[in-house]
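Let's take a walk around this protein chain, starting with the overall build and ending at two residues that a database record singles out. Keep the 3D view open as you read.

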Amino acid sequence: MTNNLNFKIINTDGRARNGLLHLNHGTLKTPTFMPVGTGGCVKAMLKRDLEEIGAHIILGNTFHLWMRPGIDIINHHEGLHNFIKWQKPILTDSGGFQVFSLKELCKITEEGVRFSSPINGSKLFLTPEKSIQIQSILNSDITMIFDECTPYQIGSHIINREEARSSMHLSLRWAKRSLDEFKRQENKNSMFGIVQGGIYEDLREESINGLLDIGFNGYAIGGLSVGEPKEYLHKILEFVSPKIPDNFPKYLMGVGTPEDIVNAVSNGIDMFDCVMPTRNARNGWLFTRYGNIKIKNSRYKNDTNGLDPTCACYTCRNFTRSYLHHLQITKEINSSILNTIHNLHFYLNMMKEIRESINEKKFDIWKNNFLEDRSSNSY
Ligand SMILES: [Zn+2]
């Protein structure tokens, strides 16, 4: 397939790499982290805040935008960029993950997924074609295929090989239908395939080969960080990443902690998204260079230090831990805002330091220092 996606690796250090990903609304420096903007906004962050912390791409949720405000309204704005007034790149998921999480309210068939709207109970049907049609109207710079994210377990039942195989095969058939619809829509953006296969290496390999045969602009690793024990994340990542050809961008979906991201970069991953920095911020759980802080803790009640002396964000430049503690305890809206500015700045600054260390061929030194500082928990 041909379109505007152009991914160039600028330099490497071990398996970590610096790249440039050219998209219709701008060029990304990778490795990159994508703040999650579920329903058309990154919670508690204004556009000017996102610009100040250096966000170059955000993620939108197809399912949420389809439910509200509805696709007609976004179509009247000629796409999501104009609706939310964000003219930099946007990646959208396929909507599948949210539909499948409705569990007993959804029924999966070969054709697609039937489910009841969580907004008004109306009967809805999401297919690969429908997901791609919605994402085409959103005009996402990166469209994700519609697939079934294979869970690690349902209730107490751990998904076995046969179930994972059957789910992965369905996802491959849906991947082909997703790309066919993308072409029918004459969509000039980029489309990523998603590697599934659960915790089973042979299934992961079959999924990669099937997706490579179909042919996408980039490849995501899905179905991780879905409740499996942590060792599977590392094991599957180490197995899957090298099997995706190096000339494609590699995206690890929904991961994760700063430590997970740093380890994934060592495995050649270029793109990340996670709700952790934004969601945790609203709960008063803050990431710092020297470990995580629960700002609600009474030890910060009279602490006149800045949140993280190594951080240059608006929050850290201006306010004390004591003040942030007070805002959290009194549930002020400003608490969510200031905490989110800091957490996202922490993640984006970490990505910047990663890119610089790869440039200087010092990624391993940077990584060891970073992980050591983080585990010191000296705040
Ligand atoms: Zn800060």
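What you're looking at is a predicted model. The chain is built from 15 helices and 18 strands. How is the whole thing packed? A compact globule of 379 residues would have a radius of gyration near 21 Å, and the chain has 21 Å, so the two agree. Along the principal axes, the C-alpha atoms fill a box of roughly 60 × 50 × 45 Å.

Inside, 56% of the 379 residues count as buried. Among contacts with a separation of 6 or more, 68% are between residues 24 or more positions apart. On the outside, the accessible surface is about 16,400 Å², and carbon and sulfur atoms make up 49% of that. As for charge, there are 44 positive and 41 negative side chains, with the centres of the two sets 4 Å apart.

Now for the pair. An unreviewed UniProt entry lists Asp-93 and Asp-273 under "active site". They're spread over 181 residues of sequence, yet they cluster in space, with a largest C-alpha distance of 10.8 Å.

Are these two buried or exposed? Buried means under 20% relative accessible area, so here's how they do:

| Residue | Relative accessibility | Status |
|---|---|---|
| Asp-93 | 12% | buried |
| Asp-273 | 10% | buried |

Asp-93 sits in the loop between β6 (90-92) and α5 (96-100). Leaving out residues up to four places away in sequence, Asp-93 touches Gly-60, Asn-61, Thr-62, Gln-98, Gln-135 and Met-144.

Asp-273, on the other hand, belongs to strand β16 (residues 271-273). Beyond its neighbours within four places in sequence, Asp-273 has contacts including Phe-33, Leu-59, Tyr-251 and Gly-254.

Definitions and conventions: Residues are numbered from 1 along each chain as its sequence is written. This is a predicted model: local features need pLDDT of at least 70, side-chain atom pairs count only at pLDDT 80 or more; totals for chains, interfaces and linings use all residues. Side-chain values use heavy atoms; hydrogens and water are left out. Helices (H or I, at least four residues) and strands (E, at least two) are DSSP runs, numbered from the N terminus. The radius of gyration is taken over C-alpha atoms; the globule rule is 2.2 Å times the number of residues to the power 0.38. Buried means under 20% relative accessible area, exposed over 50%, partly exposed in between (1.4 Å probe, protein chains only). Contact means heavy atoms within 4.5 Å. Accessible areas come from the Shrake-Rupley method with a 1.4 Å probe; for residues, only the protein chains shown count as cover. Lys and Arg count as positive and Asp and Glu as negative; His and the chain ends are not counted. The place of a charge is taken as NZ of Lys, CZ of Arg, CG of Asp or CD of Glu. UniProt positions are given in the numbering used here, feature names are shortened, and annotations may be inferred rather than shown by experiment.
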